[in-house]
Structure formats: C-alpha cells, structure tokens
Amino acid sequence: MESGNGDRDGRERNGRERGETSDFGGRYGGDDCAESARYPRPDLPDDSDATAAAVGIDSTGVGPGDDNDIGAAEFATVVDSAAADNAELADNVELPDNVELPDSTGLADNVEPPDNVELADSATSVEITSGVTETPTAFLDARALIGCRHRLHLNATNPRALIGVLEDAGVRQRRDAADAHRSRVREALIAADPEAWVVIDPSLRASERAEATMRVCRAGTHHVWGGLLPQEPDTGRRGGSEILLRDHDRGGYIPVLVVNHKVTDPRRPEPADFHPVTSDPYRWAPKPDPYRKLRQQPRDQQRLAHLYRMLQRHGLASPALVGGVIGYSFDRILVHDLAAALADYDQRYSDRIAVVRGELPTVPSKVPECRQCPWWTRGADGVGCEGWLIDHRDVSLVAPGSRAEVLRGHGVHTIDDLADWVGEDPEDWQHGPFDEAVITARAWIAGARMVRRVESVSVRRADVEVDVDLESFQEYGAYLWGTLLDGVYRPFATWDPLPTEDEGRSFGEFWTWLTNIRDDAVAAGKTFAAYCYSRTAEDKWLYESAKRFAGRPGVPTKEQVRAFVDGPQWVDMFQAVSDQFICPNGKGLKKVAPVAGFAWRDAEAGGEASMSWYRLAVGYDAAPDLGQRTRLLEYNEDDVRATQVLRTWMTDRADLEVPGLADFARRSIAT
Ligand code: SF4
C-alpha cells in the first residue's frame, strides 16, 4: 500500500483500489506600463496604505487560498460563522440571507490527484437573496463542467444534506498540496517582478474581491493574482483565475491557471505535425515548443473558456482568445487556443446550468468519481447512488464510465440486458473483448467475484520469496518499505516527518537487506523472487529514492534498480491477476485477497485513511501519535501478507474455487 498520489492500477491509492480505474516583452511584458497602477508586494514594506486597502492586498503572503485542486463538493465541512472567513464550504451550502463568504470555490478547478485522475466536482452554490428566499439563484463554476451531472443535481437540490459530512482525508491532502503548489508559484512569480503584480486579498468577501479585480483590471494592472470575477445571476457563472495577464498588444486579459497536475511531458525534439504552444512563465512569449508533448486536460480548457466568457462580459477578454496553464512542474505556461474550445464549452455550460436549475433530469451512473463521492452511500431520500444502481441493476455497475454510455446507445441499460446480449459486438466498443463484458455481467448476476480466463492459473514461484509493499506520503517520499520473508514481517521505516534525509537511511537499509537475501539465495543455488501488488508505485519510488539518495550507504544506482525491476525476479501480482481473471467488482488487492481468504485486521484500512494516520504518526500537526505508527505498520504488514496469501491461493486452489469462462458461456448457467 502506498498513501501517495495517483497510481491508476492495482492496489489502493488515495482510497481507490488499484485496478478499478482501468475500468474506467519584460516579465509578462511588464515594463512598458508605467501608467498602470502599481502596488507593492504584500510582504514588502507597504508605503501605500490607500492602495493596499483599495485592492485588499493579501498580507499573508499565501496564495488566493480559495483555489484548490479539489472539488469543493468533495466534502462538506461543518459550517459555522467562525469558520466562515476561511471556510472550505461545500459549494452547495445554503447561506444565510445575503451572507457572502469569501469565495472559496470560485477559483478551484479540479479535483486533483496530480497524476491526472480526473475527478470533477459539483461546484454549485445557491445564493439566497434577503427577502426572496424562495427564489434562490444557482451559480456554477467551471469545475462543474466536468464530472457527474447527477452529483451536480444532488448538490443543487439538497444544499444541506452534506453539512457535517467529514471531508475525505485524501481530498484534503490533495487540496493542501495544491494550495502549497500555488503558493510556491505565486511567491516565485511575484518575487521576480513585484512591481507588476496586484494580489487580490482572499480574505475579502466575494463581492469585494470581484470589485477589486474589476478595479485593478480597468486600471490596466500588468498581472493580477487571485482575481475573482463578478458573479452573474442571469447566466449563473462564477469563477476566478489565479492569474490575469494583461495583453499588452491587444488589450484585455489572458487567464492563466495554476494547477497541481501535469499539463505537458518532456520529449526529444522531433518532426511533428503538432507542437504545443508554451511560454516562459516569467515572460509571456508563446511559441510552438518541440520539447514538450501535450497532456490532454479538458478541465483546464473548460475552465479557461469559462473565464474567457466572464471576462468578455466586461470587455476585459483579450482578443487573442488564448488562455494559459502553469502545471505541476512550473516550467512553462501551456497556452491553449480557446477558439477551438468555446463551442464545446457553451454547449456544456448550457447543459450543466440547466441541471442545476432543475430543468433537466439526471440519474446515477457509476463513474470513477463515485469512489470519493459522498452521494454514493447517502441519498437525499435515504438511498445512495450505490443502492439506486443495485436496485435498478444498472449496467454501469459492471461497465462503468464511458462503457455504460456506449452500451446504452445500443439499448443495454441493465446488467441483465448485457448478460443477454446476442449477436455481433457493438462496432463502437473500444474497451477490450466484448465477450468479457458480457461474462462480467453474468458473473455479477451469479455473485461470482472472479472468473478464470485461463484453464490453469499460474504464478511465478521461487525457493526464496519476499513480499514487498511501500508506503509513501504524497510526493514527499516513501517512509516505509515493508517486507515479508518466511512469515516474518520486517519494516524499514523512517518516522521523521517527510521530507527527510532519514528516508535515505531507511531506503538504503531496505535495499541492502533485500540484496543480501537475493545474493544468499543465489549463492545457495536457490531461486529468488520478490512480489508486489501493482508495481507502478514500487518502481517509481525505487528509482526516485536511488536518485535522491545516491551515494548514501546501501542505496543502489539507477542501473541497479533497473536491472532488478526489469528482471524476472520482480513479480507483479496485479499483473498476474489481471492476466488470468475477470473481476466484476474490481482487481484491487482489497477486492481480490478476500477471495483467497485474507482479511485485514483494521476495518478502516485504506489509502485515504493511512494518509491521516501518517500525519498523526509523525506529528505534522501535534505531538507524534505512536499508536498510529503501529496502525500503519499493521496495515503495511497485512498488505504484504495479503499478497503472500493470494500467491499461495493462486497456486493451490484458484483452479478449483474460481469458475472459468466456460461456466458463463450461456446466460442460463450463470443465473
Ligand atoms: S455517487 Fe457517483 S453517480 Fe452518484 S452523484 Fe456521486 S459521482 Fe454521481
């Protein structure tokens, strides 16, 4: 288990089981604007009180504070007046008459596992105007353009239902990471040219922030950080941009987002039809970039189009019709051509605002977002989406996401419809063998948790077998390498809060121990194998640790890591499961190991929970809680024991206990 970010396969990652997702001119041209209003950087001596007051300069030195890469509807914190100023309110919290909170959601755009898990949120709000409480105005920000429409509907129609629901720990972690990222970007950009920037104070009320933003934009300010645009009661739009960048050539402003996900990847220059356009983050000079390849992030384009429309309303949109995104690596601004995105945005927006206003019906459909959605288990009328889907035997339970959409296009709405499919495969099915989709439906009906794809299940075995599982915390590091050999669990850990140099010590000890076991086995003429469940995280942290702690005692070179992970002794049990089984309920270790008879000691065990445990265990927020260290160690130990039990079961009993494809060849047998 790892408690870090975003692997999209096998085991639990941030609360989701690996394997389930597979189912589914100067600086900014700045020196030529002497006429523009200039404001000192907030953490510099302020000799312009009037100016600072006028625009509400943030004296904290922290970013806008209201934009996080999390959907605000990922959680609903308890709302009270004391919390209001910095509240992370559920978007749909109904406010007292005319109470306007600092807009804690207007800037946020994404639910963010930095590794591009796309979880959208329902960024609605219902504002009640004093004296007209019966006619609430629904607002929508750009986050709500991606993601579950039904969630949008539920949030809008049940604004109080999630009050008091605890925020998901993983969501909070990602939001904190996104906040920290934005703060870093802000500090760096402003430090490079403090005279050019105005920071809109995030502690102001939303209307005050919007007024300040309009004021500084109309004054021609070079760069605005944390700008919030006026809410639009008629269209329902609301939103803001981390950066509004003055277009000195054509006038108006270019919105630039700061997000905590990757927006490009490096590549070797090569002839190509298409090069993404990027700019130096400190000097706006967009040009085709042969050194980058694009990562598609539709949510960013949607948000930029949304901001363009809002700026356009006030005559503040740059005619260049572009927007920018500073991503996780903060090396370039990726420039998007908004002309190509506006038509899709307009269509989406009209659909989504109609949902919020109750003009279009919605129903649940299982999507990856469901895993962290509070509506999965709770509904306004008592039945959550999971219950509704089961009651309706909805096809999305076995064919989530876009699979269900394709199937509905062919008249397949229920699991039974899919199980009864006869004839040719749908021509637009692009999700692997269609036979397997049908068998998955039949297995679900029969209550089978796994189906054998192969006549005889096999898994690589060895004379000396070690199970390995790591725990990491966000991108800060890997604090625990757990191992199991001959039934004995050995953890290699650092409990200094990450990031810490001590991680190099524990990693070096882990590698030394593993290498010794392997070398001893070979010297004794025995075979050796090390097992993990979904190697993505282990491989990543092996390479990362070798790089970060190069030269420390016991730390391998990158070449040594590569020789190991590319060799036959490193066995990924997730791959072995994926190759040989269909798993109607998912292929995560928590789904599969129980079929082999394994049970975790801690009922709360999971990636999301472990992140909270880790914070307590190392004392980020208070004195270290040693009990949480024990809990993490037991969780890690159970994970390696689960891998071992699974391996043994696959070797000894799976053939007998798991039905094969032939058992589901016909619907009648399955049922
Ligand atoms: S549980 Fe899933 S279907 Fe239901 S509202 Fe949430 S994301 Fe949508």
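Visitor: Which residues in H12 meet Lys558, Val561 and Val565 in H13?

Guide: In this predicted model, Asp539, Leu542, Tyr543, Ala546 and Lys547 of H12 meet those residues of H13. By class, the contact of H12 with H13 has five nonpolar, no polar and three charged residues.

Visitor: Why is H12 called roughly antiparallel to H13?

Guide: The axes of helix H12 (residues 535-548) and helix H13 (residues 558-565) cross at roughly 165°. Angles over 145 degrees count as roughly antiparallel, and therefore H12 is roughly antiparallel to H13. The two axes come within 9 Å, and H12 passes H13 in a right-handed crossing.

Visitor: What makes strand E18 and strand E20 the edge strands?

Guide: Five strands form an open sheet in the order E18-E17-E16-E19-E20, with mixed pairing. Strand E18 (488-493) and strand E20 (570-572) each pair on one side only, and they are therefore the edge strands, since pairing requires at least two bridges between two strands. On average, neighbouring strands of this sheet are turned by 25° against each other, direction ignored.

Visitor: How do you know that strand E19 pairs with E20?

Guide: Three bridges join strand E19 (residues 528-532) to E20. At least two bridges are needed for pairing, so the three bridges satisfy the criterion. The two strands run parallel, and alanine 530 has tryptophan 570 in E20 as its bridge partner.

Visitor: Which residues are closest to the ligand?

Guide: Of the 13 residues that surround the ligand, the closest are Cys148, Arg151, Cys370, Cys373 and Cys385. Helix H2 (residues 149-157) gives the most to this shell, with three residues. The shell divides into nine nonpolar, two polar and two charged residues.

Definitions and conventions: Residues numbered from 1 in each chain as written. Predicted model: local features only at pLDDT ≥ 70, side-chain atom pairs only at ≥ 80, totals over all residues. Helix = DSSP H or I, 4+ residues; strand = E, 2+ residues; numbered from the N terminus. Axes fitted to C-alpha atoms, helices over the stretch in contact; angles between N-to-C directions. Near = placed C-beta within 6 Å. Nonpolar A, V, L, I, M, F, W, Y, C, P; charged D, E, K, R; others polar. Parallel < 35°, antiparallel > 145°, perpendicular 65-115°, else oblique. Left-handed = near helix turned anticlockwise from the far one by under 90°. Contact = placed C-beta atoms within 7 Å.
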